[in-house]
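Today I went through this model with two things to look up: how one strand sits among its neighbours, and how a pair of helices meet.

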Amino acid sequence: MRRQRPTLIAVSTLIAITLTTAAPAPANAAPPDQVTALTAHQADGYTTLAWQPVDGATDYQIERTPVDANGTPTGAPTIVGIWRPNRQINQQAPTFADAGYNPGDTFQWRVRARTGTTEQPYSDPVTATTTAPWGNPTTPGEQLRTGWETTHAAQYTSDTDEYAYTAAIDALSDRVRVVELGRTVQNRPINMMVIGHPTPAATPEAVAATAPVAINCNVHGNEPGDREACLIMARQLAFSTDPRITDLLSHTTVLIVPTINGDGRANNTRGNSTGQDLNRDYSLIRQPETTAYIKMVRDYRPVAGYDGHEFGNSRAGDLPMLPPRHQNVAQPIFDQSQDMIEGHMYAKGAEAGWWACPYGCEGGGNVGLSEETILRNTLGLKNVTNSLLELRSSGGQTRPDEGNTANNRRRKTYSALWTFHQFLDYHRADRADILKARSEAIESQAANTGRLVFRGSRPIPAHPAPHPGDSPPPLDAPPADLILDNPPCAYKLTDAQYNGARTDGPGGVGTTVAQRIAAHGWKVITIGDDHYVPLNQPERGLIPLLLDGKGVEKLTDGERIYPTLTGRRNGPLAVTGFTCADDATINGPVTVRAGAALVTTATTISGPLTATGAAGILLADSTVNGPVRIAATDTISIIDATIAGPVDLSGNTTGTDAPVLAGTTIRGPLNCTGNNPTPHNLGIANTVHGPRTTQCAAL
């Protein structure tokens, strides 16, 4: 649920490792337009400056001067920041996150108001030593530093230094396990750090049970600021004894992918070694890098995510953010993602002094639209609360000292570090709401109701003035020819479409549609030479974008299959072939014959449902008034159903595609034996009024 936007926010910095406040001694009464009550709070890589507002001020200038231990200036005073009213939602408590300096150095700060272009007197100065890079240099593990840190931001961490750094964290911390998700086109490893307390869960399925969060740090190789933040945060999470950190890691698992685009990072290019922009490939998964990430999402099932980028608009905020906007994204996921941005990041940004705003703020133009190939949209269509993060590439008018390359790099990285820590705090505080939004989204998607949109964004209304600037993201309404009001039950693919060779991958060799569907984790029913992809699945909003003829960036033109059974039917039903029931009432027993399939939505069966040797059973938003027995069946999914009787799933061998039993009420016992693999519940518990035995005991 979206929070009420706050009107008063206390100044604090939640991720500070060291807190230092310096305030001026009492003096004679200040001139009427002089800034007063200036304070400086130290955090990781930045200083939050806060002061009392001056009536009628247009903006404020922040001055920083390097000083020695005695407070004697060692360099020239420099205007390093401009505070403007559109920076934050709380106008009564102005703050500015000063960053870009070398952490650990000592400075003096002053702030002055301007009325129009008239400069008012400076505040009394405050002096403080900034927080040194996290980690005691004499403590094993904590003493690790990235190549970026050791060169004082003169160089980014190389790929080989990254591998050595993450391997050292893995070796020295029980909280961390580094796993290889795949390889780049040029055979660089794509590593992920799995972080939990006291140790991370041992398998992807066990990690999924912890409601994990995922951070993708470097998809565009020439945008490495977020990557450096991820590497620093990994060290903090691995070795910190701060109760906040251990509490976070005791309640979830953090998944950090520092460099999905290792080839692009090594060559400092936006795309990978084939020139592919990987952030335009997360649905199509033509490249091995994006395939690896999507398989991770399938297996580890993160419930929330952040995707790190850099933004070339020098007039925008420090931290432009954007939720998944595609109109096929379930409303609860969009709302929860917006709450994370506007309800949390805007408020905490106002406390810490960072300027968070929507992607496109202040002159952003047509950015952040509805392409399902973009990770934030792909994740939203996979029912993940998430946001894109942009780090403004240059300092711009509000950070005039960032012509210095190292200062610019430090500001970007430490603002990303702040964001990722706030992301973890948001998940910790709002975990129940995030999981509720995810459950509601999965159930609504599986119900297969409502229109399908092939391009078109949900609107982002402008935040009340003066924050966050003058340009909310554009509307991007779907054109009429890219709307399908009558969704099909499934898409049918021929064997040539499903298993045929493709040429859209690196070197003209692409994986098959079958392999890509498997990577996404969709259930497929095969009958003879035909392959059916039902829409009563959790990722219903993404399936048509790849398989429908209307798809803008599709894999193939599947045949739309519409329901074959609707309305009332009395008497026993023997299902042969592929049968789709929607809004149907079946009075009598239903038997699904060997090699046949039954797909239902909004359907009631009054009588037993039995399937032995069937090609597939997919029930969603349906009711069975009687027992259900499914044996030796190839594909099984039961989501948001009500079953008035016992349920038995036995001897089902479904390859790598585990049977799903999620969000279902069973008024009787539940027995699962001999299934390979074991059924799972997508993290959505079932309600069972009876004993649960063997493989389904925990569902």
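I started at Thr-579, which stands opposite Leu-598 in β27. I note for later that this is a predicted model.

Thr-579 made me look at the whole strand pair. Strand β25 covers residues 578-587, and I find 5 bridges between β25 and β27, in the parallel sense.

Next I asked which residue of β30 is the bridge partner of Leu-598. I got Ile-617. Strand β30 (residues 616-620) runs parallel to β27, and 5 bridges join the two.

Is strand β27 largely enclosed or open? I checked residues 597-601, and 5 of the 5 are buried, so β27 is largely enclosed by the rest of the structure. I also sorted the side chains by direction: Ala-597, Val-599 and Thr-601 point one way, while Leu-598 and Thr-600 point the other way. Both sets are buried.

Then I moved to the helices. I took α4 (residues 225-239) and α10 (residues 405-446), whose axes come within 8 Å and cross at roughly 55°. That angle lies between the 35 degrees that bounds roughly parallel and the 65 where roughly perpendicular begins, so I logged α4 as oblique to α10. The crossing is right-handed.

I listed who makes the contact. From α4 I have, among others, Ala-229, Ile-232, Met-233 and Leu-237. From α10 the list includes Tyr-414, Leu-417, Phe-420 and Leu-424. How do the residues of this contact divide? My tally reads 10 nonpolar, 4 polar and 2 charged. Asp-226 and Glu-228, both in α4, are part of the contact too.

Notes: Residues numbered from 1 in each chain as written. Predicted model: local features only at pLDDT ≥ 70, side-chain atom pairs only at ≥ 80, totals over all residues. Heavy atoms only, no water. Buried < 20%, exposed > 50% of the residue type's maximum accessible area, 1.4 Å probe, protein only. Helix = DSSP H or I, 4+ residues; strand = E, 2+ residues; numbered from the N terminus. Pairing = 2+ DSSP bridges. Axes fitted to C-alpha atoms, helices over the stretch in contact; angles between N-to-C directions. Parallel < 35°, antiparallel > 145°, perpendicular 65-115°, else oblique. Left-handed = near helix turned anticlockwise from the far one by under 90°. Contact = heavy atoms within 4.5 Å. Nonpolar A, V, L, I, M, F, W, Y, C, P; charged D, E, K, R; others polar.
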